[in-house]
Amino acid sequence: MWPACSAAIDKTPQGVESFHIGHRTLEEIRSSLAFINPQQPVIIGESVTRVMEGEPFYHPQFPQILEEVRRRFPHTPIQITTNGTMLDQATVEWLAELSPITIYLSLNSACSANRRLLMKDRRANRSVEAARLLGERGIEYQGSIVAMPWITGWDDLTRTITYLDRCGAQVIRIFLPGYTRLAKEELKFPLTMWDQLRSFVGRVRQQVRVPVVCEPPKIDNFKPEIVGIIPGSAADRAGLKPGDILVAVSGKPVLTRVHGFHLTYQLANPMLEIQRENRPLAVPLTKGARERSGLVMDYDLDPALYEDIRKVVRFHRASQVLLLTSPLAYTRMVLGVNKFYPEPGQLKVCRVASRFFGGSIMAAGLLTVADFSLALQQYLAASATKPELILLPAIAFDQRGRDLTGETYHKLAETFGIQVEVI
């Protein structure tokens with residue numbers, strides 16, 4: 001798993017391959033359910049492919065689909081990402097009967113006029129009201145905001161966070177905005193605004209009870225600090241607090257934020273060793289195995305990634321390896337090489353700029369083969385040694401190894417005469 005970024009993208013460049021296949025029938029979906037792993041949440045509406053899914057509630061048979069999923073998997077959590085335009089009182093009442101269910105509500109602004117400005121939403125009032133309805137009915141939900149304070153103002157951002165907190169959101173996710181090289185001038189902003197947003201989130205966390213996270217976070221260390229506690233959760237009942245440092249879980253030392261979060265999630269009734277204001281504490285957590293703890297932590301890096309890298313390097317018997325990564329992930333990947341890889345001198349990390357999308361886009365999932373190729377050309381021109389193996393972030397490619405433009409990563413091996421793997 002490689003760190004990535006969610007971004008609001010305006011005017012995608014020509015050449016991106018995307019597909020709209022229309023609504024699948026209920027029978028087609030029934031046949032697909034046989035391939036669902038009931039031990040993992042059923043995720044609806046958060047596409048990570050080139051298929052344009054759209055708003056799930058617009059499907060004319062969505063109620064029957066959701067009820068079929070719940071019939072087949074009575075205890076599996078269901079996660080739905082929605083813009084909220086279809087969440088009226090009756091729909092929310094119906095969703096409450098399908099528990100366990102979590103709604104990811106893309107609100108962006110609690111002001112109907114500003115939401116219409118940002119999203120061209122003709123049902124902005126209903127979307128804003130959806131947050132209140134979900135909270136009153138006790139449905140677990142998270143609110144998300146692509147922050148654009150240079151358009152709506154910082155006060156609107158504060159009011160939206162306060163509104164979601166008041167309406168019972170479990171977590172509020174603030175996404176750093178992005179723009180492509182083709183964006184209109186009014187959508188462009190100085191990149192220093194990202195640091196302003198991160199500082200803003202740090203301040204606003206002190207004003208609300210619900211955890212507020214900035215995505216992607218700015219990571220320059222692997223200190224497993226807890227940034228928030230979901231109200232009413234096992235972590236809340238145990239007395240854990242934002243700012244606590246997770247040292248060990250049931251005797252296993254915690255290596256990163258991701259590592260500590262996963263350890264806590266996997267175990268039943270884990271014993272957490274924490275550090276609070278330089279004081280060690282042991283905190284028992286009452287929860288089931290693979291049950292959410294209520295801890296909220298920034299995403300940094302899973303140390304298991306470096307064991308996967310080691311296996312690939314051994315398979316290829318490579319002594320000089322080059323990791324190509326996004327600007328957002330670069331710092332943590334370098335930190336990870338030095339901390340978790342047994343032979344750090346064997347691995348070099350190269351930052352790859354997004355030339356295809358341009359603008360402020362820095363996410364690994366939006367890099368193309370052409371971007372990797374240019375970065376590799378520049379690296380080879382400046383380096384005295386040629387790598388024997390190139391590693392690419394798998395998030396940039398589909399299952400057939402194609403990027404967003406339809407080009408396969410195998411082209412890099414053909415062009416440069418170097419073995420290439422995705423990981």
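How many bridges join strand β13 to β15? To find out, open the model, which is a predicted one, and select residues 321-325 for β13 and residues 389-392 for β15. Three bridges join these two strands, and they run parallel.

**Stop 1: strand β15 and its partners**

Keep β15 selected and show its side chains. Leu389 and Leu391 point one way, whereas Ile390 and Leu392 point the other way. All four of these residues are buried.

Now add leucine 323, which stands opposite leucine 391 of β15. For the pairing with another strand, select residues 419-422, which form β16. Here four bridges join β15 to β16, and this pair also runs parallel. Leucine 392 can be found opposite valine 422 of β16. To follow the connection between these two strands, select residues 410-416: this is helix α14, through which the chain crosses from β15 to β16. The resulting β-α-β crossover is right-handed.

**Stop 2: serine 144**

Select residues 140-146 to display strand β4, then pick serine 144 within it. Is serine 144 buried or exposed? Its relative accessibility is 11%, under the 20% cut-off, so serine 144 counts as buried. Leaving aside residues up to four places away in sequence, serine 144 touches Leu105, Ser106, Leu107 and Asn108, along with Arg173 and Phe175.

**Stop 3: leucine 267**

Move to the loop between α10 (257-266) and β10 (271-276), where leucine 267 sits. With a relative accessibility of 28%, leucine 267 counts as partly exposed. Select Val249 and Ser250, then Lys287, Gly288 and Ala289: leucine 267 touches each of them, with residues up to four places away in sequence not counted.

To relate this loop to the first stop, draw a C-alpha to C-alpha distance from leucine 267 to histidine 410. The two are 40 Å apart in space and 143 residues apart in sequence.

**Stop 4: the cysteines**

A disulfide is a covalent bond between the sulfur atoms of two cysteines. How many disulfides does the structure hold? The count is zero. Cysteine 167 is accordingly in no disulfide, and the nearest cysteine sulfur, that of cysteine 111, is 14 Å away. Select cysteine 167 and show its surface: the residue is buried, with a relative accessible area of 10%. Finish at cysteine 350, which is buried with a relative accessible area of 10%.

Terms used:
Residues numbered from 1 in each chain as written. Predicted model: local features only at pLDDT ≥ 70, side-chain atom pairs only at ≥ 80, totals over all residues. Heavy atoms only, no water. Buried < 20%, exposed > 50% of the residue type's maximum accessible area, 1.4 Å probe, protein only. Contact = heavy atoms within 4.5 Å. Pairing = 2+ DSSP bridges. Right-handed = clockwise from strand over helix to strand, strands pointing away. Disulfide = S-S within 2.5 Å.
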